[in-house]
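This report describes one protein model and the ligand bound to it. Look at the sequence and the structure first, then read on.

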Amino acid sequence: MDNIILIGFMGVGKSTIGSELAKKLSYIFIDSDQKIEEAAGMSIPDIFRIYGEKYFRRLEYKIIKDLVDMPRIVLATGGGAVMNRQLFDILMSKGTVINLEASLSTLYDRLKKSDNRPMLDHNDRKKRIEDLYRLRRPVYMKAHYTIDIDGKEVKDIVDEIVEVMFGREEENIVLK
Ligand code: S3P
């Protein structure tokens, strides 16, 4: 149960925050999208273009399921991974799941120029983000913890995660 798993919408900073968090805790940082690209031998946009989303989701499920068997990892997951209910349940049982939460305006801002996210290839990107966000947010909110990232520095978000995860434990140790 040592693992820390970051979930949340595209653009919330799961990879950046995850890698800083891992450094701080001396955990191993893993980005599931990067592992998927390595396994497929191509970029995520290419996987979507050539094989389609269904194929990507199968690969994503298999790779993440195997990764969380490793000890002491910080895992940054792709924004759609937990929409697979079975995978969400696996993650909840294999570590502490942290949802990084951002407002829609932060997400629009961060994602408006993104060109490597096939889920956003849509005529009306703003509406697409809004629709996906509404669909996914209820699932993200079931994480063990939710951390609001709006207007915060990476360092402060990392400190907040450490605090919610270990703060109380540290207090208990002092009190003993
Ligand atoms: C996806 C998010 C992406 C990547 C893929 C699909 C999604 O990861 O897994 O493009 O469905 O939200 P990020 O959340 O890191 O952008």
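## Core and ligand site

In this predicted model, the largest nonpolar core is made up of 59 residues. Ile4, Phe9, Leu100 and Ile161 have the most contacts inside that core. In soluble globular proteins, nonpolar side chains tend to be buried together.

Phe9 can be followed further. Apart from neighbours within four places in sequence, Phe9 is in contact with nine residues named here: Lys14, Leu100, Leu107, Leu111, Ile129, Leu132, Tyr133, Arg136 and Tyr140.

Lys14 and Arg136 also belong to the ligand site. There are 13 residues around the ligand, and Lys14, Asp33, Arg57, Arg117 and Arg136 come nearest. The table gives distances from a polar side-chain atom to an oxygen atom of the ligand.

| Residue | Distance to ligand oxygen |
|---|---|
| Lys14 | 2.7 Å |
| Arg117 | 2.7 Å |
| Arg136 | 2.6 Å |

On its own, the ligand exposes 380 Å², and the protein buries 93% of that area. The ligand takes up the space of the largest pocket.

Conventions: Residues numbered from 1 in each chain as written. Predicted model: local features only at pLDDT ≥ 70, side-chain atom pairs only at ≥ 80, totals over all residues. Heavy atoms only, no water. Core = buried A, V, L, I, M, F, W, Y, C linked by side-chain atoms within 4.5 Å. Buried < 20%, exposed > 50% of the residue type's maximum accessible area, 1.4 Å probe, protein only. Contact = heavy atoms within 4.5 Å. Near = heavy atom within 4 Å. Polar contact = N/O pair within 3.5 Å; in protein donor to acceptor, adjacent residues only side chain to side chain. Areas by Shrake-Rupley, 256 points an atom, 1.4 Å probe, with all protein chains shown as cover. 1 Å grid on protein atoms, 1.4 Å probe; cavity = no way out; pocket = protein on both sides within 12 Å on 5 of 7 lines; lining within 4 Å. Sits in = over half its atoms within 2 Å of the grid points.
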